[in-house]
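Here is a short tour of a protein for you to follow in your viewer. Have the sequence panel open too, and take the stops in any order you like.

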Amino acid sequence: MGSLNIAATREVIVAYGQSSSAWAASTINTWLGVIVGIIFLVVAGNVMRDKQKDESDKVKAIALLGVDAETAIFMLLYLNIAYEGAKKEGKMKSLADLQNAIHDGAVKRIRPKFMTVAVMFMGLVPIMWSTGAGADVMRRIAAPMIGGIFTSFILELVVYPAIYEVWKWNTEVKKQVAA
């Protein structure tokens, strides 16, 4: 399994086609986005949970963090690819150009993210209605997961692109426009 992850990562990096220094800057940008997303996701997951802490809290936190980190990395990858494509075409001359590139990258993630959220909802909502043995524990896991997945959906499609815009405008595009 580890070799599959390494191969997939290598293919993404090769497809991305950046130099090592640009890739390192992109990686830092990606990890900053993931950290911000994790903070928001933990807060959202805790809004819907009971005040009692137990092992199920750890399970749901790990599940939410994993899903959000994975989808956040892909969103930032799509934003970076759209940005670099617009930059190579010479279309990065203003804030509006940056916003168009971000829009193009974010639009490509709507369907995959919606499908991820829909499948998770279809799996978690029946757990919320269950009444059998262990249902009380499973409901305590499912409720924050539903809240966290919804928050992850909003984060990925609204907050990450906004943060990305502020980040790229202040670190790269504004300098290019001024030059």
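The report below goes from the overall fold to the cores, and then to single residues.

**Overall fold**

Please keep in mind that this is a predicted model. The protein has 6 helices and 0 strands, so its elements, read from the N terminus, give the pattern α-α-α-α-α-α, as helices are DSSP runs numbered from that end. Of the 179 residues, 33% are buried. Among contacts with a separation of 6 or more, 78% link residues 24 or more positions apart. The protein exposes about 10600 Å², with carbon and sulfur atoms supplying 70% of that area.

**Two nonpolar cores**

The largest nonpolar core holds 15 residues, and Leu79, Tyr83, Met92, Leu98 and Tyr164 have the most contacts inside it. Helices α3 (55-88), α4 (95-107) and α6 each provide at least two residues of this core. The largest share, 6 residues, comes from α3. Leu79 is a good residue to click on: beyond its neighbours within four places in sequence, Leu79 is in contact with Ile102, Gly105, Ala106, Tyr160, Pro161 and Tyr164. A second core, separate from the one above, has 10 residues, including Val67, Ile141, Met145 and Ile146.

**Helix α5**

Helix α5 covers residues 110-129, which is 20 residues. From its first C-alpha to its last, α5 reaches 28 Å, close to the 28 Å expected at 1.5 Å a residue. Lys113, Val117 and Leu124 are buried in this helix.

**Two residues of helix α6**

Helix α6 spans residues 135-178 and contains Val158; Glu156 lies in α6 as well. Is each of these residues buried or exposed? The table gives the values.

| Residue | Relative accessible area | State |
|---|---|---|
| Val158 | 51% | exposed |
| Glu156 | 0% | buried |

Val158 counts as exposed because its 51% lies over the 50% cut-off. Glu156 counts as buried because its 0% is under the 20% limit.

What is Glu156 in contact with, leaving aside its neighbours within four places in sequence? The partners are Thr71, Ala72, Met75, Arg109, Lys113 and Pro161. One of these, Lys113, is itself among the buried residues of α5.

Val158, for its part, joins Phe150 and Ile154 in a nonpolar surface patch of about 270 Å².

Technical notes:
Residues numbered from 1 in each chain as written. Predicted model: local features only at pLDDT ≥ 70, side-chain atom pairs only at ≥ 80, totals over all residues. Heavy atoms only, no water. Patch = residues over 30% accessible without salt bridge, like charges linked within 9 Å, V, L, I, M, F, W, Y side chains within 5 Å. Areas by Shrake-Rupley, 256 points an atom, 1.4 Å probe, with all protein chains shown as cover. Salt bridge = Lys/Arg side-chain N within 4 Å of Asp/Glu carboxyl O. Helix = DSSP H or I, 4+ residues; strand = E, 2+ residues; numbered from the N terminus. Buried < 20%, exposed > 50% of the residue type's maximum accessible area, 1.4 Å probe, protein only. Contact = heavy atoms within 4.5 Å. Core = buried A, V, L, I, M, F, W, Y, C linked by side-chain atoms within 4.5 Å. Expected span 1.5 Å × (residues − 1).
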